[in-house]
Amino acid sequence: MNIYLIDIYHEFHFEILKQLQNENKELSFPYVIGGTEQNFHGNIQNIEKIKREIFDKNTKFEEVINFIFPKKIIEFIAEEWTLSREIVMGMKEAEAYFLRLTDRNSVFPISVQERRQFYLLLLNYFNSMMSKKNVDYVLTFDTPHSYSSNLFYKIAEFYKIPLLRLEHHFLQNHSLLLSYHNPALPIEYYNEFTKEELYNKLPEKIKQDLVQYNTMIHNANRNEKRALIGSSGLSSIKLILRYIVKASQNLIMGIFPFFFKKEILHFTSLNQIKSRLIYRVKINKPLFNLIRLNHYYNKISETPDLTEKYVFFGMHMQPEKTSQPLGGEFDHQLLPITILSNSVPEGWFVYVKEHPNQFNKKKIANNNYRSKEFYQALIKLKNVKLVSLEVPSVDLISNAQIVSTLTGTMGWEALTKGKPVLAFGNSYYKACRAVGSPTSVEECKKEIERLLGLTPDDIEKEIYRYLLYYSENEYLVEASNWEETLSFNALSREKQINNIAKSINKRLFALKENYR
């Protein structure tokens with residue numbers, strides 16, 4: 001039984017694979033896209049030890065750096081050419097996303113033609129591999145969101161190869177085990193049950209975790225709050241100092257690289273910058289643009305009236321998985337915001353708040369995803385207001401009529417506070433029927449009308465129905481899905497790994513039957 005693996009970066013990934021193989025000696029891993037010593041998470045020695053145990057001489061382990069530097073990519077021209085027009089046309093959606101995802105790795109613009117060359121070479125390489133028919137399953141411990149791994153994922157879907165992906169969930173101590181798409185909740189599923197009856201049917205562990213605030217979300221929010229610079233006080237001076245300090249650090253890291261950990265220059269890998277000095281000098285320009293944009297946002301944003309009727313749209317930091325690829329065609333957030341603006345009832349507002357981490361001084365690629373013109377377009381919409389970074393999101397959620405996002409944590413937070421949600425992307429809680437997922441103004445108007453008819457009790461009932469359905473069908477796994485968060489979980493590391501391995505083993509066989 002051959003399993004292809006995508007994005008194996010964490011120590012616990014290898015521990016799960018080892019357990020899977022111990023339980024089923026027929027399992028083999030012919031092809032792996034994995035990390036390098038610079039971006040593995042966990043104990044490198046243990047990772048290398050397990051690699052020697054579970055991978056044999058027939059395993060092709062490719063480090064992700066084979067796909068992010070042009071010099072490496074063009075070597076794939078030597079592969080047997082298997083692409084046809086039919087395949088290229090069938091993969092058009094994947095091509096569009098590939099071109100967008102390359103903005104993660106090309107802080108300095110490169111042409112679409114050059115990007116498409118990289119796309120065709122990698123598409124042919126992965127297509128050649130898939131067409132050999134020696135793959136039974138694909139397994140990934142995340143939704144692949146680098147341009148190369150996402151392309152591999154999409155071509156596996158094109159060939160309808162059974163796939164499992166482990167995803168995090170905003171429910172404390174739980175993850176999701178899914179295939180390509182999140183399962184929908186049947187309308188009739190326990191619909192006749194009362195809220196109390198549904199709650200009583202939930203597993204005790206889910207009941208306990210429902211009342212807990214997710215530790216990972218809490219830590220992320222705390223770190224973002226510390227880092228943001230809003231419009232109050234000496235914000236302009238603070239932003240100037242932030243640039244001077246970070247730009248100076250970049251120069252020091254470039255001039256004295258031997259004092260610092262070896263790094264993969266991934267932000268500019270497609271720009272072919274090989275020198276760490278040149279890299280550190282050149283990224284000071286997009287760093288300056290990012291901080292200047294922070295200042296501009298502070299200038300045009302405002303503290304809104306929370307007594308007004310409004311939909312709160314919390315923007316996503318970009319680039320990140322929650323917007324690309326999980327946001328789908330809504331990854332450019334002009335689209336969902338404009339739909340909302342044209343859908344809300346007369347007299348309502350759409351309050352839009354930028355993600356605090358969008359102006360993170362360490363995330364230089366963020367510079368490619370926002371501009372003055374983007375914000376200017378939004379404030380031209382008569383009912384859209386950009387909200388100051390300093391206004392707490394918890395207040396915006398609590399006073400909103402509806403909360404909107406692509407796939408973000410605030411959607412789950414809103415649900416648990418009795419607020420209906422419009423989630424435009426492929427969110428983990430999308431199956432909950434207190435969530436609307438419109439694709440047009442017409443659909444959005446209908447969803448707003450439907451959601452406004454829900455009481456907080458109705459929303460609570462729908463959360464229980466959703467969690468019960470995902471629990472009974474074993475989409476929910478009692479475990480974390482990130483090396484650093486395993487320690488936050490109430491269960492031991494060993495128990496979490498056992499739970500994930502057990503669920504994967506069970507679902508692999510069920511998946512194979514479904515694809516027969």
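In this predicted model, Pro319 sits in the loop between β7 and α14. The peptide bond joining Gln318 to Pro319 is cis, with omega at about 5°. Pro325 is found in the loop between β7 and α14 as well, and here too a cis peptide bond turns up, this time between Gln324 and Pro325, with omega at about 15°. For background, most peptide bonds are trans.

The loop that carries these prolines also holds Lys321, a residue worth pausing on. Lys321 forms a salt bridge with Glu167, and the closest N and O atoms are 2.8 Å apart. Glu167 belongs to strand β5 (residues 163-168), whereas Lys321 lies in the loop between β7 (310-314) and α14 (334-341), so the pair ties together parts of the chain that are 154 residues apart in sequence. Both ends of this salt bridge are tucked away. Glu167 counts as buried because its relative accessibility is 0%, and Lys321 is buried too, with a relative accessible area of 10%.

Other charged pairs are easy to come by, since the count of salt bridges comes to 26. In general, side chains of opposite charge can pair when their charged atoms come close. One of these pairs stays inside a single helix: the side chains of Glu447 and Arg450 meet in a salt bridge, at 3.0 Å from N to O. Both residues lie in helix α18 (residues 441-452), and they are three residues apart, or about one turn of the helix. Their surroundings are not alike: Glu447 is buried, at a relative accessible area of 18%, while Arg450 counts as partly exposed at 30% relative accessibility.

A further salt bridge runs between Arg493 and Glu483, where the closest N and O atoms are 2.7 Å apart. Arg493 is in helix α20 (residues 493-514) and Glu483 is in the loop between β13 (476-477) and α20, so the partners sit ten residues apart and the pair links distant parts of the chain. Arg493 counts as partly exposed, with 24% relative accessibility, and Glu483 counts as buried, with 11%. This pair does not stand alone, as salt bridges that share partners join Glu11, Glu15, Glu483 and Arg493 into one network.

Moving on to how the helices pack, α5 (residues 92-101) is a handy place to start. The buried residues of α5 are Ala94, Glu95, Tyr97, Phe98, Leu99 and Leu101. These buried residues pack against two other helices, α6 (112-130) and α7 (147-158). The axes of α5 and α6 come within 10 Å and cross at roughly 125°, which makes α5 oblique to α6. The crossing of the two helices α5 and α6 is right-handed. On the α5 side, the residues in contact are Lys92, Ala94, Glu95, Phe98 and Leu99, and they meet Val112, Arg115, Arg116, Phe118, Tyr119 and Leu122 of α6. Sorted by class, the contact of α5 with α6 has seven nonpolar and four charged residues, and no polar ones.

Another helix pair, α11 and α13, has a makeup of its own. The axes of α11 and helix α13 (residues 284-300) come within 10 Å and cross at roughly 165°. Angles over 145 degrees count as roughly antiparallel, and α11 and α13 are therefore roughly antiparallel to each other. Their crossing is right-handed. From α11, the contact takes in Ser235, Ser236, Leu239, Arg242, Tyr243, Lys246, Ala247, Asn250 and Leu251, and from α13 it takes in Asn284, Leu287, Phe288, Ile291, Asn294, His295 and Asn298. The residues of the contact of α11 with α13 divide into seven nonpolar, seven polar and two charged.

Finally, the backbone has a couple of quirks in its loops. Most residues other than glycine have a negative phi. Gln272, however, has a positive phi near 60°. Gln272 is placed in the loop between α11 (235-255) and α12 (276-282), and at 46% relative accessibility Gln272 counts as partly exposed. Tyr190 is another such case, with a positive phi of about 50° although it is not a glycine. Tyr190 has its place in the loop between β6 (175-178) and α8 (195-201).

Conventions: Residues are numbered from 1 along each chain as its sequence is written. This is a predicted model: local features need pLDDT of at least 70, side-chain atom pairs count only at pLDDT 80 or more; totals for chains, interfaces and linings use all residues. Side-chain values use heavy atoms; hydrogens and water are left out. Buried means under 20% relative accessible area, exposed over 50%, partly exposed in between (1.4 Å probe, protein chains only). Helices (H or I, at least four residues) and strands (E, at least two) are DSSP runs, numbered from the N terminus. Contact means heavy atoms within 4.5 Å. Axes are lines fitted to C-alpha atoms, for helices over the stretch in contact, and angles run from 0 to 180 degrees between N-to-C directions. Angles under 35 degrees count as roughly parallel, over 145 as roughly antiparallel, 65 to 115 as roughly perpendicular and the rest as oblique. A crossing is left-handed if the near helix is turned anticlockwise from the far one by less than a right angle, and right-handed if clockwise. Ala, Val, Leu, Ile, Met, Phe, Trp, Tyr, Cys and Pro count as nonpolar, Asp, Glu, Lys and Arg as charged, and the others, Gly among them, as polar. A salt bridge is a side-chain nitrogen of Lys or Arg within 4 Å of a carboxyl oxygen of Asp or Glu.
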